[in-house]
Structure formats: structure tokens, C-alpha cells
Amino acid sequence: MTRRSHFQRLLLLATSTTAIVGGAVLPSSAMAATAAPHTAAVTTVASDHDAHRQDGSPASAKQWVETTDAASGIEFRLPGKPKVIQFTQAMDGMNGRLYKVRTDNGVIVFAVFDLPCAKGELDDALRGLVDGYNAGTQSPKHKLSSTGVHKIAVHGKPGLDAHLSAPDGAAGSARLVAGDSHFIEIVSLSPKGKEKPMSETHQQLLASVHDPDAGATRTG
């Protein structure tokens with residue numbers, strides 16, 4: 001697979017990811033209809049390990065759910081039982097799983113794509129996330145931009161973090177990580193007024209990720 005085909009497929013999948021995210025954050029009138037990939041069930045286990053509040057903000061103890069992406073072995077905790085959307089090589093050009101949770105404060109998406117050798121394409125993938133979201137908006141006030149972009153190392157793997165915002169007050173965060181055999185996208189978005197609790201939820205999710213290929217250990 002060439003770098004160009006990697007890039008094109010990343011943009012396609014990033015577009016699908018943000019279309020799914022945006023549909024849960026913005027009013028239906030602000031998003032164009034998007035065909036969703038296959039949905040599937042997921043096996044999860046409730047956990048109270050990460051909950052630090054009892055009032056349900058950002059998530060109460062009973063809301064946090066242990067989730068495992070079986071294909072990669074990546075483990076993480078989400079603030080609720082996720083809806084799972086599967087990408088397939090035959091239909092989408094790449095295998096992957098997307099885990100989506102909607103809360104009172106917005107939406108969280110954790111996506112794992114079975115894509116090796118994508119280390120140099122983090123900037124392209126972030127652009128795909130933003131462009132994919134904006135392609136479905138019908139008003140300039142809903143269009144996202146990315147700021148505060150900086151490269152990071154996540155357990156020795158290249159990644160980047162970015163802040164997302166729109167003129168209507170919607171805000172969020174994105175983390176992209178290029179592993180040896182898979183590409184991770186973690187996106188959170190909230191409407192105006194919900195930025196702080198969603199940011200706390202996003203940080204809890206990041207701290208919960210355990211990638212066996214990277215020898216990662218949970219920090220939360």
C-alpha cells in the first residue's frame with residue numbers, strides 16, 4: 001500500500017468519523033445525511049475506577065464502562081456503553097471499529113483502524129477530521145477549526161493533540177496516535193456551555209487507554 005493510498009483512506013475514514021460525531025452534537029438541520037457503516041454489539045464491563053464525582057458529571061461511577069477492541073487488544077474506558085460501528089476492507093477499504101458514546105455533555109468517539117505505517121500522516125488525518133465535519137455543516141457558525149496542535153509521544157508512538165472549536169461555541173479535543181499496526185482517533189465534542197465537563201471526560205478517557213502493542217500502562 002502506498003503512502004498516497006494510506007492518505008486517501010485515512011481522509012475517507014476520518015470523514016466518516018466526524019460525520020458520526022457531528023450528527024450527535026449539532027442540530028439535525030446542521031448536518032447532511034450520512035450513510036453509516038455496519039453497526040455491531042460490544043461486550044463491556046461496568047467500572048467505577050475512574051469516576052471522581054457522584055453527581056454524574058462528567059460521569060458517575062456506574063456510567064464508566066470497560067471496553068476492549070478485540071482485534072487490537074486495546075482497552076479503554078468510556079462514559080457509557082458505546083454504539084459500535086465497523087469498517088470493513090471490502091466495503092470501506094480498511095478494517096476498523098468506531099465506539100461512540102453520547103452523554104449529557106456531548107459525544108465521545110474512540111476509533112481504531114487496522115492501518116500500519118501511518119506515522120507521517122497525522123497532520124493529514126487531522127485535516128481529514130476537520131474537513132469531514134465541515135463538509136456536513138450548512139452554516140459557517142457550525143464549522144470547526146483546529147488550534148493548539150502539537151506533536152506528542154504516546155508510549156513511544158507518534159501522535160498529536162488538537163483543540164477543536166466552532167463559532168457557535170461548540171468545542172472539543174482530538175488525539176491521533178499512529179501505532180505499528182493500527183491508527184487511533186479519539187474525538188470529543190460538546191455544545192456551548194458543556195466544554196469543561198467534556199474536557200474532564202476526555203482526559204479520563206485518555207488516561208484509561210492501554211495498548212498492549214505499545215506496552216502502555218494506564219495512568220488513571
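Select Gly-193 first in this predicted model: with a relative accessibility of 58%, Gly-193 counts as exposed, because the cut-off for that class is over 50%. The residue belongs to the loop that runs between E11 and helix H4 (195-208). Add Ala-170 to the selection and draw the distance between the two C-alpha atoms: the separation is 8.4 Å in space, although the two positions lie 23 residues apart in sequence numbering.

**Strand E10 and its neighbours**

Next, select strand E10, residues 171-178. How many residues of E10 are buried? The count is 8 of the 8, so the strand is largely enclosed by the rest of the structure. Colour the side chains by direction. Ala-171, Ser-173, Arg-175 and Val-177 point one way from E10, while Gly-172, Ala-174, Leu-176 and Ala-178 point the other way, and all are buried. This follows a general pattern: in a regular strand, side chains alternate between the two faces of the sheet.

Display E9 beside E10. The two strands run antiparallel and are joined by 7 bridges. For one of these contacts, select Leu-164, whose bridge partner in E10 is Gly-172. E9 and E10 form a hairpin with 5 residues between them, and Gly-169 in that turn has a positive phi of about 100°.

Now show strand E11, residues 183-190, which pairs with E10 in the antiparallel sense over 8 bridges. Here Arg-175 stands opposite Ile-186 of E11. E10 and E11 also form a hairpin, with 4 residues between them.

**Salt bridges**

Remain at Arg-175 and display the side chain of Asp-161. The two side chains meet in a salt bridge of 2.7 Å, N to O. Arg-175 lies in strand E10 and Asp-161 in strand E9 (residues 157-165), so the pair ties together parts that are 14 residues apart in sequence. Are these two residues buried or exposed? Arg-175 counts as buried at 17% relative accessibility, and Asp-161 counts as buried at 14%.

The count for the structure comes to 7 salt bridges. For another of them, select Asp-114 and Arg-97, whose side chains meet at 2.8 Å, N to O. This pair links distant parts of the chain: Asp-114 is in the loop between strand E7 (106-113) and H3, Arg-97 is in strand E6 (residues 96-103), and the two are 17 residues apart. Asp-114 is partly exposed, with a relative accessible area of 29%, whereas Arg-97 counts as buried at 10% relative accessibility.

**Helix H3**

Move to helix H3, residues 122-135. Its 14 residues reach 20 Å from the first C-alpha to the last, close to the 20 Å expected at 1.5 Å a residue. The helix is mostly covered, with 10 of its 14 residues buried. Among the buried residues are Leu-122, Ala-125, Leu-126, Leu-129, Val-130 and Tyr-133.

Within H3, select Arg-127 and Asp-124, whose side chains meet in a salt bridge of 3.3 Å, N to O. The two residues are 3 apart in the helix and therefore separated by about one helical turn. As a general matter, an α-helix has 3.6 residues a turn, so residues three or four places apart point the same way. Arg-127 counts as partly exposed at 40% relative accessibility, while Asp-124 is buried, with a relative accessible area of 13%.

**The aromatic cluster**

The last stop concerns aromatic rings. A search of the whole structure finds 3 aromatic pairs. Select Phe-76 and Tyr-99, which form an edge-to-face pair: the centres are 5.3 Å apart and the planes meet at 70°. Phe-76 lies in strand E4 (residues 74-78) and Tyr-99 in strand E6, so the pair ties together parts that are 23 residues apart in sequence. Both Phe-76 and Tyr-99 are buried.

Then add Phe-110. Phe-76 and Phe-110 form a stacked pair, with 3.8 Å centre to centre and 5° between the planes. Because Phe-76 lies in strand E4 and Phe-110 in strand E7, this pair ties together parts that are 34 residues apart in sequence. The relative accessible area of Phe-76 is 0%, and Phe-110 counts as buried at 0% relative accessibility. With Phe-76, Tyr-99 and Phe-110 displayed together, the viewer shows a cluster linked by ring pairs.

Technical notes
Residues numbered from 1 in each chain as written. Predicted model: local features only at pLDDT ≥ 70, side-chain atom pairs only at ≥ 80, totals over all residues. Heavy atoms only, no water. Expected span 1.5 Å × (residues − 1). Buried < 20%, exposed > 50% of the residue type's maximum accessible area, 1.4 Å probe, protein only. Salt bridge = Lys/Arg side-chain N within 4 Å of Asp/Glu carboxyl O. Pairing = 2+ DSSP bridges. Phe/Tyr/Trp six-rings, centres within 6.5 Å; stacked < 30°, edge-to-face > 60°.
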